[in-house]
Amino acid sequence: MKKSGILIWIVFLLLGMSACDNIVVKSNVTKEDDLPPGTEYVADGEHCLNVVYYVPANLDTLSRWHKRLSGITLYMKEFFRQGMADAGYKNPLFLMLNKNNPAYIKITYLKGKYETTGTLGRKQIMEEVFAHFKAKPSEQLSNQFLVYVPKFRTTKDSIVGFTARIPDESEAPAAPSEIKPWNCGFVIAECDHERFEIRHVNSPRARKKYLSKMPSIAHELGHSFGLYHNGNLSASLYFSIMRNVAADSTNIRRFRPNPADALCMNELSVFGGDDGDRSVQPEITITDVKLDHFANDTIHVECAFTSPSEITGAIIYVDPWSSTAGAKADTDSTTYSDDDQITIVVKKIDRTGDQYHFVMEFPFSQLSGLYRITSMKLSYEFRFRFVAKGGLTFPYRSVKGGSINGMFRWPFGMTRTTIVGSRPTQYIYATDIAARYRK
């Protein structure tokens with residue numbers, strides 16, 4: 001009797017341990033469960049993301065790949081939809097959905113001719129993907145590509161994304177000459193495995209173990225959409241997916257595209273926009289800038305400029321000149337992204353011919369995210385970037401590191417004064433914007 005009681009307790013203990021570990025959950029699935037219900041797909045937009053599953057010649061096709069990768073990609077669709085909605089845009093990332101079961105999306109399967117033990121790299125994968133769509137042009141849905149590959153390396157660079165939305169060869173890896181001039185966005189996600197499925201996203205342990213590459217895929221998709229590294233909006237509940245450290249986190253739920261990202265993505269055809277001609281970078285000539293700071297409350301930014309291109313929006317970066325390398329290094333830096341900068345988005349721009357003008361006012365408290373200073377005085381700058389039809393930007397990266405006397409960079413100072421006798425200690429912050437620039 002005593003032995004049977006011990007055995008019962010052991011059984012309960014094992015069952016309890018199994019219940020607590022929600023990472024490995026065996027699914028009673030068969031090979032047939034991965035077959036989409038029919039071959040008819042319906043586009044939810046005019047131009048959809050091309051999703052490809054590329055399997056190298058010497059690797060086996062992983063089980064349930066279609067169902068698993070459909071779930072992952074549909075999650076990405078919702079991820080970008082939320083970021084667009086937060087910025088006031090209605091269109092999601094367009095996909096081809098199965099007519100009978102929208103849990104499946106259209107995925108092109110390619111069995112590669114290269115082996116992982118040979119020269120297989122991004123160039124070879126791109127060659128085969130483009131060769132397929134060149135032979136079957138009716139299957140190509142847009143100029144945006146997301147290519148999943150079974151994981152076969154342990155290097156950190158297994159997920160790469162790049163854009164070809166600018167005439168800059170340094171931005172793209174070696175690629176077949178027949179696809180130049182560049183006019184596409186491409187992501188290679190070498191991360192597929194048999195536990196790579198979206199059901200694990202609700203478990204912190206499972207998410208970290210099986211879906212750790214999700215933020216990297218979203219980050220590289222952003223690059224393929226023409227987005228750059230950027231900082232975080234201070235008022236946001238989320239980190240920007242395009243911040244430099246996005247790849248260092250395994251929790252996709254911590255991130256969202258920020259409003260500046262949405263401003264650019266809204267111009268792309270896979271989000272309902274018009275890609276237009278990307279062979280020529282837009283040009284901007286700023287003719288006048290007015291900056292003011294009213295009653296220690298409202299920041300006023302006014303800008304007039306000319307451009308032969310169709311400009312759809314502008315981005316104002318507010319960036320403190322402080323870093324671990326020191327203020328001068330930050331001021332002279334050519335880095336175009338800082339985690340401590342604030343991004344202000346301008347969506348309303350007046351136009352008469354090639355003459356443009358906008359006025360942007362925002363509360364001084366919007367700069368609260370930049371108050372993390374220990375000194376009594378700190379230097380900042382406003383920087384301008386403009387978004388053209390098709391999502392192209394000017395300057396291409398940023399003017400940071402360019403001439404401080406140019407029209408794209410406007411320095412200002414902020415001081416901190418302690419309120420005498422305040423408990424706990426309180427401060428008053430003030431800028432010299434009015435003194436420097438009021439006209």
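A residue counts as buried when its relative accessible area is under 20%. Keep that in mind for this predicted model, where buried residues make up 51% of the 439 in the protein.

Here's the overall picture. The protein has eight helices and 19 strands. Of its contacts with a separation of 6 or more, 74% link residues that sit 24 or more positions apart. About 21000 Å² is exposed, and carbon and sulfur atoms supply 54% of that.

Now for the charged pairs. A search of the whole structure turns up 15 salt bridges, including these:

| Salt bridge | Closest N and O atoms |
|---|---|
| Arg-383 with Asp-319 | 2.9 Å |
| Lys-348 with Asp-350 | 3.2 Å |
| Arg-383 with Glu-381 | 3.4 Å |

Arg-383 shows up twice, with Asp-319 and with Glu-381. Both Arg-383 and Glu-381 are buried, and Asp-319 is buried too. Arg-383 lies in strand S16 (residues 377-388) and Asp-319 in strand S12 (residues 311-320), so their bridge ties together parts that are 64 residues apart in sequence. Add Arg-409, and you have a network of salt bridges linking Asp-319, Glu-381, Arg-383 and Arg-409.

As for the Lys-348 and Asp-350 pair, Lys-348 is exposed at 62% relative accessible area, while Asp-350 is partly exposed at 43%.

Two spots in the backbone are worth a look as well. The peptide bond from Phe-394 to Pro-395 is cis, with omega near -5°; Pro-395 lies in the loop between strands S17 (393-394) and S18 (409-418). Arg-64 isn't a glycine, yet its phi is positive, near 55°. You'll find Arg-64 in the loop between strand S2 (50-55) and helix H2 (65-86), and at 14% relative accessibility Arg-64 counts as buried.

Technical notes. Residues are numbered from 1 along each chain as its sequence is written. This is a predicted model: local features need pLDDT of at least 70, side-chain atom pairs count only at pLDDT 80 or more; totals for chains, interfaces and linings use all residues. Side-chain values use heavy atoms; hydrogens and water are left out. Helices (H or I, at least four residues) and strands (E, at least two) are DSSP runs, numbered from the N terminus. Buried means under 20% relative accessible area, exposed over 50%, partly exposed in between (1.4 Å probe, protein chains only). Contact means heavy atoms within 4.5 Å. Accessible areas come from the Shrake-Rupley method with a 1.4 Å probe; for residues, only the protein chains shown count as cover. A salt bridge is a side-chain nitrogen of Lys or Arg within 4 Å of a carboxyl oxygen of Asp or Glu.
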